[in-house]
Amino acid sequence: MIRNPYRTQKIAFFFLLLATLLIVIPVGLIVVIIIQKGLPAINWQFLVDMPRQGMRAGGIFPAIIGTIYLVTGAIIFALPIGLLAAIYLSEYSKDNLLTRLIKLAIVNLAGVPSVVYGLFGLALFVVFFKFGASILSGSLTLGIMILPVIITTSREALESVPYSFREVSLSLGASKWQTIRHIVLPNAIPGILTGTILGLGRAAGETAPILFTVAAFYLPQLPNSIFDQAMALPYHLYVISTQVPNVDEKIRYGTAFVLLALVLFMNLVAIIIRYRFRKKKKW
Amino acid sequence: MVKFQISDLDIWFGEVHALKKVSMAIQANEILSVIGPSNSGKTTFLRVLNRLNDLNQNFKMTGSIKLEQDDINNIDPELLRKRVGMVFALPLPLPLSIFDNVAYGVRMHGKKNKKMLKDAVEESLKEAHLWDEVKDRLNESAFKLSGGQQQRLCIARTLAVEPEVILFDEPCSGLDPISTAKVEDAMVKLKEDYTIVLVTNNVKQAARVGDKTAFFLSGELIELDKTDKIFTAPFDKRTDGYIRGKFG
């Protein structure tokens with residue numbers, strides 16, 4: 001049979017489209033189902049009320065607050081350390097076997113299952129440092145989990161600043177740190193922010209790392225300090241879906257909706273920041 | 001007066017022997033043109049004078065380079081680069097406004113006084129023959145300027161830190177003839193106050209602006225003499241061959 005280039009093109013087009021749809025449709029379905037089943041549960045009461053009757057009624061306020069605390073804590077810990085490490089790796093470290101091993105290790109850390117981070121946090125923060133199951137332990141554990149994401153994206157952002165800018169700055173007699181501070185960092189900020197917010201989204205959604213380190217099963221009050229336990233959205237969702245009988249479906253999907261909205265909102269912020277910086281980019 | 005005294009300079013990048021036993025003196029207030037085919041070591045030679053080669057971790061040098069009395073390896077690189085400025089092959093404005101580009105080096109050396117910065121920027125832009133074209137748009141991005149304007153901006157930026165020597169690395173390679181003429185004019189004016197080393201692939205440019213011309217081939221300095229002499233009666237027949245366009 002003579003191959004008909006027009007037909008092969010059509011076949012290729014069909015499979016490419018099919019593959020794309022296979023990705024888009026499940027994502028779309030998840031969003032649609034959660035909105036459809038979760039939205040009716042959403043009202044002011046649900047968002048700002050304590051859970052009542054063994055989580056079968058009332059709201060999810062402490063879980064929302066807990067998640068916000070945990071995410072904030074994780075970022076306060078992970079962003080400075082991640083950024084400094086990224087600056088060291090991209091600007092100062094010599095290109096040798098050790099550096100390459102470290103970079104490889106960091107990339108691979110991003111792929112470690114989150115439950116492993118949870119156990120690590122239990123051993124190190126809860127038990128060894130005696131922080132107990134607390135917001136501090138949970139934040140640090142989540143922080144360590146998102147460090148590789150922040151380091152890798154920040155490094156890429158720093159390395160995407162053209163080398164010639166560095167040479168120009170140095171040739172004018174600026175020191176290496178001045179060059180980083182005034183030329184490299186300002187131009188890497190959008191990439192760094194994007195990585196940070198992606199890390200935030202991940203920290204907000206993970207259950208396993210907070211399972212042993214902070215999450216309270218049922219705690220209808222707000223935490224008073226970083227040494228208190230707290231509820232968190234992903235764990236709360238797990239609990240009311242599997243551990244507590246007879247929870248109204250509406251509450252479960254409502255919780256899922258709030259979690260999804262929180263993560264999507266963070267991603268949206270990342271996109272807007274990146275877009276605004278790209279427009280400002282001058283080269 | 002001798003600005004740079006270079007003795008027995010050898011440079012390696014890893015296994016590559018980039019410059020071989022180069023010795024020469026660079027006189028103050030002169031334009032020295034450096035010509036030679038690609039890979040002859042002329043840019044390496046230029047970048048060793050402000051220690052920009054130090055950024056390459058495979059870089060090794062032996063021999064000595066003295067800026068006036070001091071060995072350049074005993075001068076802080078930041079201070080050396082303040083004294084020995086550089087203009088690169090392509091116009092490379094920093095992603096800042098026109099004003100901030102020129103003020104950048106001055107600020108990095110600790111001057112923050114607004115009035116002083118403004119004066120330094122204006123003076124440098126005038127010296128680079130750019131002031132009249134940009135004086136009303138100093139806060140615009142430097143990337144809005146044309147290629148030739150950008151290159152003169154880079155010259156102004158280098159001048160603003162008040163160097164003693166300016167290194168030009170093929171500064172006109174990306175420019176049209178009119179912009180080239182403007183940059184050359186600026187260079188000739190500048191030699192009254194500065195020492196200039198000009199690496200160029202354009203043999204005619206070397207003939208037009210250079211007081212002296214050095215010819216490099218495969219990492220060796222073949223010949224260094226007054227530009228007239230090099231272009232009329234070169235000592236070495238390889239120099240003659242290169243400037244007549246027989247190889248390179």
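Here are five short exercises, each with a worked solution, on a predicted model with chains A and B.

**Exercise 1. The open sheet of chain B**

Work out in which order the four strands of the open sheet in chain B stand, and which strands are at its edges.

*Solution.*
Step 1: Start with strand β1 (residues 2–13) of chain B, which is joined to strand β4 (residues 59–67) of chain B by eight bridges, and these two strands run antiparallel. To find this pair in the structure, look for B:Q5, which stands opposite B:K66 in β4(B). A second landmark is B:W12, whose bridge partner in β4(B) is B:K60.

Step 2: Now move on to strand β5 (residues 70–71) of chain B, which is antiparallel to β4(B) and joined to it by two bridges. Here B:L67 stands opposite B:D70 in β5(B).

Step 3: Put the pieces together, and the order in chain B reads β2-β1-β4-β5, with antiparallel pairing. The edges are β2 (16–27) and β5 of chain B; each has a single partner strand, so one side of each is left without a neighbour in the sheet.

Step 4: Finally, look for the helix that packs on this sheet: helix α1 (residues 42–49) of chain B touches β1, β2 and β4 of chain B. The direction of α1 makes about 60° with that of β2(B).

**Exercise 2. A turn between two strands**

Find which residue takes a positive phi in the hairpin of β4(B) and β5(B).

*Solution.*
Step 1: Go to the hairpin, where two residues lie between the strands.

Step 2: Check the phi angle there: B:E68 has a positive value near 50°.

**Exercise 3. A strand inside chain B**

Decide whether strand β7 (residues 165–169) of chain B is largely enclosed or left open, and find its partner strands.

*Solution.*
Step 1: Take one face of β7(B), where B:V165, B:L167 and B:D169 are buried. Then turn to the other face, where B:I166 and B:F168 are buried too.

Step 2: Five of the five residues of β7(B) are therefore buried, so this strand is largely enclosed by the rest of the structure.

Step 3: Look for the partners. Strand β6 (residues 84–87) of chain B runs parallel to β7(B) and is joined to it by four bridges, with B:M86 opposite B:L167. Strand β8 (residues 195–199) of chain B also pairs with β7(B) in the parallel sense, over five bridges, and there B:F168 has B:L198 as its bridge partner.

**Exercise 4. Two crossing helices**

Describe how helix α5 (residues 114–128) and helix α6 (residues 135–159) of chain A cross.

*Solution.*
Step 1: Their axes come within 9 Å and cross at roughly 135°. That makes α5(A) oblique to α6(A).

Step 2: The crossing of α5(A) and α6(A) is right-handed.

Step 3: List some residues that meet: α5(A) brings A:G118, A:G121 and A:F125, among others, while α6(A) brings residues including A:L140 and A:I144. By class, the contact of α5(A) with α6(A) has six nonpolar residues, five polar and no charged.

**Exercise 5. Where the chains touch**

Find how many residues each chain gives to the contact, and describe the side of chain B.

*Solution.*
Step 1: Count by chain: 19 residues come from chain B and 17 residues from chain A.

Step 2: On the side of chain B, the elements giving two or more residues are α2 (77–83) and α3 (98–108).

Step 3: Sort this side of chain B by class, and you get ten nonpolar, five polar and four charged residues.

Technical notes:
Residues are numbered from 1 along each chain as its sequence is written. Chains are lettered from A and ligands numbered from 1 in the order in which they are written. This is a predicted model: local features need pLDDT of at least 70, side-chain atom pairs count only at pLDDT 80 or more; totals for chains, interfaces and linings use all residues. Two residues are in contact if their C-beta atoms, placed from the backbone, lie within 7 Å. Ala, Val, Leu, Ile, Met, Phe, Trp, Tyr, Cys and Pro count as nonpolar, Asp, Glu, Lys and Arg as charged, and the others, Gly among them, as polar. Two strands pair if DSSP finds at least two bridges between them. Axes are lines fitted to C-alpha atoms, for helices over the stretch in contact, and angles run from 0 to 180 degrees between N-to-C directions. Angles under 35 degrees count as roughly parallel, over 145 as roughly antiparallel, 65 to 115 as roughly perpendicular and the rest as oblique. A crossing is left-handed if the near helix is turned anticlockwise from the far one by less than a right angle, and right-handed if clockwise. A residue is buried if 20 or more other C-beta atoms lie within 10 Å of its own, exposed if 12 or fewer, and partly exposed in between; C-beta atoms are placed from the backbone.
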